[in-house]
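I am opening my notebook on a new structure. I will look things up one at a time and write down what I find.

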Amino acid sequence: VMETFYVLLFSYTLKGYPVERTLLLESSEQCNTAIRANEDVATMLGADLFCIDTGRISKSIRPRLRPEGLTDG
């Protein structure tokens, strides 16, 4: 399975001005973990947290060499 980079978007309003902060992460799992870790801060600030898939590949499955001595069939 190929994984893509995700952006954690932290969006809130401060004195009437919109503020957005982003953090680039290597996977959906990392982004969801970051959301859970920041839920309390988001609640205090009235912020919204989002994970956004960038569509850019961060990891991919690489083929492995077949061990010597094995044949097809």
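**Entry 1: the disulfide**

I searched for disulfides and the count came to one. As a reminder to myself, a disulfide is a covalent bond between the sulfur atoms of two cysteines. I should also note that I am working with a predicted model.

Which two residues form the disulfide? They are C31 and C51, and their sulfur atoms sit 2.2 Å apart. I looked up the angle about the S-S bond and found -110°, so the link of C31 and C51 is left-handed.

Next I asked where the two cysteines lie. C31 is in helix α1, and C51 is in strand β3, residues 48-59. The pair therefore ties together parts that are 20 residues apart in sequence.

Is C31 buried or exposed? I found a relative accessible area of 0% for C31, so I noted this residue as buried. C51 comes out at 27% relative accessibility. Anything from 20% to 50% counts as partly exposed, so that is the label for C51.

I then listed the contacts of C31, leaving aside neighbours within four places in sequence. The list holds Y6, V7, L8, L25, F50 and C51.

**Entry 2: the chain as a whole**

I stepped back to see the layout. The protein chain has two helices and three strands. Reading along the sequence, I wrote down the pattern β-β-α-α-β.

How many residues does the protein chain have, and what share is buried? There are 73 residues, and 23% of them count as buried.

I looked up the accessible surface of the protein chain too. The figure is about 6,200 Å². Carbon and sulfur atoms hold 53% of that surface.

I also checked contacts in the protein chain with a separation of 6 or more. Residues 24 or more positions apart account for 55% of these contacts.

**Entry 3: how the strands pair**

I took β1 and β2 together. They run antiparallel, and nine bridges join them. β1 and β2 form a hairpin, with two residues between them. I picked out one bridge as an example: L9 has T22 in β2 as its partner.

Which way do β1 and β3 run, and how many bridges join them? They run antiparallel as well, with eight bridges. Here my example is F10, whose bridge partner in β3 is L49.

A general point helps me picture this. In a regular strand the side chains alternate between the two faces of the sheet.

**Entry 4: the turn and T13**

I went to the loop between β1 and β2, where K15 lies. Phi of K15 is near 50°. That is a positive value in a residue other than glycine. K15 counts as exposed, at 78% relative accessibility.

T13 belongs to strand β1. Its bridge partner in β2 is P18. Is T13 buried or exposed? I found a relative accessible area of 51% for T13; exposed means over 50%, so T13 is exposed.

I also compared T13 with D48, which is 35 residues away along the chain. The C-alpha atoms of T13 and D48 are separated by 9.9 Å.

**Entry 5: the nonpolar core**

Which residues make up the largest nonpolar core? I wrote down 12 residues: Y6, L8, F10, Y12, V19, L25, C31, A34, I35, A42, A47 and L49. β1 (3-14), β2 (17-25) and α1 (28-37) each supply at least two residues of this core. β1 gives the most, with four residues.

C31 from my first entry is on this list. F10, from the strand pairing, is listed here too.

**Entry 6: the aromatic pair**

I searched the whole structure for aromatic pairs and found one. The rings belong to F10 and Y12, and their centres lie 5.5 Å apart. Their planes stand at 75°. Planes over 60 degrees apart count as edge-to-face, so I logged the pair of F10 and Y12 as edge-to-face.

Last, I checked burial for this pair. F10 is buried, and Y12 is buried too.

How values were computed
Residues are numbered from 1 along each chain as its sequence is written. This is a predicted model: local features need pLDDT of at least 70, side-chain atom pairs count only at pLDDT 80 or more; totals for chains, interfaces and linings use all residues. Side-chain values use heavy atoms; hydrogens and water are left out. A nonpolar core is a set of buried Ala, Val, Leu, Ile, Met, Phe, Trp, Tyr and Cys residues joined through side-chain atoms within 4.5 Å. Buried means under 20% relative accessible area, exposed over 50%, partly exposed in between (1.4 Å probe, protein chains only). Contact means heavy atoms within 4.5 Å. A disulfide is a pair of cysteine sulfur atoms within 2.5 Å. Rings of Phe, Tyr and Trp (its six-membered ring) pair if their centres lie within 6.5 Å; planes under 30 degrees apart count as stacked, over 60 as edge-to-face and the rest as tilted. Accessible areas come from the Shrake-Rupley method with a 1.4 Å probe; for residues, only the protein chains shown count as cover. Two strands pair if DSSP finds at least two bridges between them.
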